[in-house]
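Me: I have a structure to go through and would like to work from the contacts up to the sheet. May I put some short questions to you?
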Amino acid sequence: MTTPQKTALITGANKGIGKETARRLAALGITVLIGARNTERGEAAAEELRADGADVRFVPLDVTDEVSVRAAAEHIDATFGRLDILVNNAAIAAGPQKPSETPAAVVREVYETNVFGVVAVTHAMLPLLRRSAAARIVNMSSELGSLAHQADPGSPWSAYYSILLPYCTSKSALNAVTVLYANELRSEGILVNAVSPGYCATDLNRHSGTRTPEEGAAVAVDLATAGEDGPTGSFFAEDGPIPW
């Protein structure tokens, strides 16, 4: 019996780490759905990757709009009937500002995408993921979300903790979301993990990062394609586990 081709959805995948994750998964023979708010950019990214012979398609998806999220889930259901891989990649940042000078409205805006958007998309896609023989969920976090590092005055990331409260704490919250989903879905064989791509040069940081998006995508692909003995409820960088 021929094994059906796997299908993956990546949010915020029209550029940066999301697009490179799409490229790498497609190169493995997986049908990749590029989720993006902007239709023009999403279609352009999908077309670019298809030029390499990949099966990549654009799906309109704004993770902060539950109507958009439901429509994407309905489209995937009607077209494929299931989903094998979900990579929650879409994220925004704000700042820089001292924590004491950061308005709650700014924190709330970042959480809408980085936390609530992940919950909304995961909730909508779970019925489709449950139809997969080996579903995987990967949440694109950041080492800046590590509470162990945040509590360490000597952390190499300490300068960022003093100016990026919305982003850093949103990734901490995302890590907690990851663990709770992993605990619930463990018995169903659905593996859920958080990954840190490292400090990659993307629009998020005005391309100031020291790693490439291609390098950042590697750990997400590894966890998205993990075998049945793979980890769940874990937090990884390319070089190994990160402390929560």
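Reply: Certainly. Let us begin with a term: contact means heavy atoms within 4.5 Å. Please keep in mind that this is a predicted model.

Me: Which residues does Leu83 touch, leaving out those up to four places away in sequence?
Reply: Leu83 touches Thr7, Ala8, Leu9, Ile76, Met125, Leu128, Leu129 and Ser132.

Me: And which residues have the most contacts inside the largest nonpolar core?
Reply: They are Leu9, Leu83, Leu86, Met125 and Leu129, in a core of 29 residues. Helices H3 (66–80), H4 (104–129) and H7 (165–185) each supply at least two residues of this core. The largest share, 9 residues, comes from H4.

Me: What does the second, separate core include?
Reply: That core has 28 residues, among them Ile10, Ile17, Ala54 and Val138.

Me: Now the sheet. In what order do the strands lie?
Reply: The open sheet has 8 strands in the order S3-S2-S1-S4-S5-S6-S7-S8, and its pairing is mixed. At the edges are S3 and S8 (240–241), each of which pairs on one side only.

Me: What holds paired strands together in general?
Reply: Strands of a sheet pair through backbone hydrogen bonds, either parallel or antiparallel.

Me: How many bridges are there between S1 and S4?
Reply: Strand S1 (residues 7–11) and strand S4 (residues 85–88) pair in the parallel sense over 3 bridges. Within that pairing, Leu86 in S4 is the bridge partner of Leu9. Both of these leucines were named above for their contacts in the largest core.

Me: Which strands does H4 touch?
Reply: H4 packs on the sheet and touches S1, S4 and S5 (136–140). The direction of H4 makes about 180° with that of S4.

Me: Where does H7 pack, then?
Reply: H7 also packs on the sheet, where it touches S5, S6 (191–195) and S7 (235–237). Its direction makes about 165° with that of S6.

Me: Is S6 mostly covered or mostly open?
Reply: S6 is mostly covered, with 5 of its 5 residues buried. Leu191, Asn193 and Val195 are buried on one side, and Val192 and Ala194 are buried on the other.

Me: What are the pairings of S6 with S5 and S7?
Reply: S5 and S6 run parallel and are joined by 5 bridges. Here Val138 stands opposite Asn193 in S6. S6 also pairs with S7 in the parallel sense, over 2 bridges, and Val195 stands opposite Phe236 in S7.

Me: Let us go to the other end of the order. Which strand does S2 pair with over 5 bridges?
Reply: S2 (residues 31–36) pairs with S3 (residues 56–60) in the parallel sense over 5 bridges. The bridge partner of Ile34 is Phe58 in S3.

Me: Which helix makes a β-α-β unit with them?
Reply: Helix H2 (residues 39–50) does: S2, H2 and S3 make a right-handed unit.

Me: One last topic, helix H8. How many of its residues are buried?
Reply: In H8 (residues 213–224), 9 of the 12 residues are buried. They are Pro213, Gly216, Ala217, Ala218, Val219, Ala220, Val221, Leu223 and Ala224.

Me: What covers them?
Reply: The cover includes helix H1 (16–27) together with S4, S5, S6 and S7.

Me: How far does H8 reach from its first C-alpha to its last?
Reply: H8 reaches 17 Å, close to the 16 Å expected at 1.5 Å a residue.

Methods:
Residues are numbered from 1 along each chain as its sequence is written. This is a predicted model: local features need pLDDT of at least 70, side-chain atom pairs count only at pLDDT 80 or more; totals for chains, interfaces and linings use all residues. Side-chain values use heavy atoms; hydrogens and water are left out. Two strands pair if DSSP finds at least two bridges between them. Helices (H or I, at least four residues) and strands (E, at least two) are DSSP runs, numbered from the N terminus. A crossover is right-handed if, with the strands pointing away from the viewer, the path from the first strand over the helix to the second runs clockwise. A nonpolar core is a set of buried Ala, Val, Leu, Ile, Met, Phe, Trp, Tyr and Cys residues joined through side-chain atoms within 4.5 Å. Buried means under 20% relative accessible area, exposed over 50%, partly exposed in between (1.4 Å probe, protein chains only). Axes are lines fitted to C-alpha atoms, for helices over the stretch in contact, and angles run from 0 to 180 degrees between N-to-C directions. The expected span of a helix is 1.5 Å times one less than its number of residues.
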